[in-house]
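Reader: I have a model open and want to go through a few backbone and packing details. Can you put it up?

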Amino acid sequence: MAIELPNASRLKLDQTLSQWRQWDTATPITSRPEIVKTIGTGISNHSVLVEANERFVVRIDGIKPHSHGIHRQAEWQSLRAACRREIAPMPCYFNPELGSLVTAFLAPDQEQPIELVDVALLMQAIHQLPSRRYRLDLRERIDSYQHQLLQRPNRQLEDLLALRPGIDKSLVFTSQLAEPLVLCHNDLLQANRLYSAGRLFALDWEYSAMCSAYYDLAVIVAGDDLSAEQIEQLITVYWDDGELNSHLERLRHYVCIYRYLECLWYAVIDELFVSSDSAAKRMQMLRRDLNALA
């Protein structure tokens with residue numbers, strides 16, 4: 001089947017499929033997988049559904065991982081650990097030189113509800129996975145993205161960079177909490193959560209790293225745009241310790257940090273982002289949350 005991919009990505013896809021004998025699959029496959037269709041047309045990667053006697057997802061890098069703080073070896077280790085806990089698809093093949101990853105395909109349920117109890121329990125399971133050496137330093141990641149943006153000055157970036165002092169206050173606040181680090185997914189947006197056979201799984205572990213559990217939860221709070229009632233429900237299920245107000249205060253700071261980092265990420269990926277409606281909406285929410293902390 002013909003699919004549209006950049007030439008370099010198509011070549012890497014063909015090379016990955018040619019190495020099918022090296023794939024670690026639940027049942028042995030006896031022939032080169034055939035392309036079914038492209039799926040999950042993300043901004044930073046290309047994902048393709050392929051099939052032999054079972055179905056797989058082949059992901060090909062669309063960006064330079066190290067430029068975005070992505071550590072492919074750490075992702076592979078996290079994915080394998082998560083699969084053993086049955087909260088992620090089975091990893092089948094990994095080739096960082098090609099920028100390719102193959103996982104088993106999880107057939108999605110027809111209904112994909114947002115059940116915050118399930119999300120909180122999934123998050124608990126993720127945070128109980130074995131520790132890794134790779135750590136997400138939020139200040140360092142923000143500095144890295146800002147440095148990349150300043151290499152190509154744009155007047156429309158001024159509004160975003162003007163919010164950095166408020167973010168620095170939150171970074172100082174969170175750095176003084178001395179929280180234990182746990183293995184986090186760090187990108188558990190709705191697009192990276194999937195119900196299959198009635199169970200909730202976490203997909204796309206490329207940003208996984210040791211970090212604060214609050215940051216992982218902040219991704220969901222901001223990414224899903226949860227209401228105050230939904231945030232309380234998420235916190236209550238995750239911690240269930242009667243310390244709601246303390247958790248809320250910490251979480252608000254991490255939500256601001258995530259929103260700022262998200263805006264920087266989009267701006268680095270797409271030079272037109274800063275002038276888009278999407279940027280304006282995200283900036284509005286970021287200002288609202290920063291003002292709530294003032």
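Author: A term to fix beforehand: buried means under 20% relative accessible area, exposed over 50%, and partly exposed in between (1.4 Å probe, protein chains only). This is a predicted model, where local features need pLDDT of at least 70, side-chain atom pairs count only at pLDDT 80 or more, and totals for chains, interfaces and linings use all residues. Residues are numbered from 1 along each chain as its sequence is written, and side-chain values use heavy atoms, with hydrogens and water left out.

Reader: Where is Ala-197, and is it buried or exposed?

Author: Ala-197 sits in the loop between strand E7 (193–196) and strand E8 (199–202); strands are DSSP runs of at least two residues (E), helices of at least four (H or I), numbered from the N terminus. Ala-197 is exposed, at 71% relative accessible area.

Reader: What about its phi?

Author: Ala-197 is not a glycine, yet its phi is positive, about 55°. Most residues other than glycine have a negative phi.

Reader: And Asp-240, what is its phi?

Author: Positive as well for Asp-240, about 50°, and this residue is not a glycine either. Asp-240 lies in the loop between helix H8 (228–238) and helix H9 (244–269), and is exposed at 64% relative accessibility.

Reader: Switching to packing. At what angle do H4 and H9 pack?

Author: About 30°, with the axes of H4 (residues 138–150) and H9 9 Å apart; axes are lines fitted to C-alpha atoms, for helices over the stretch in contact, and angles run from 0 to 180 degrees between N-to-C directions. H4 and H9 are therefore roughly parallel (under 35 degrees; over 145 is roughly antiparallel, 65 to 115 roughly perpendicular, the rest oblique).
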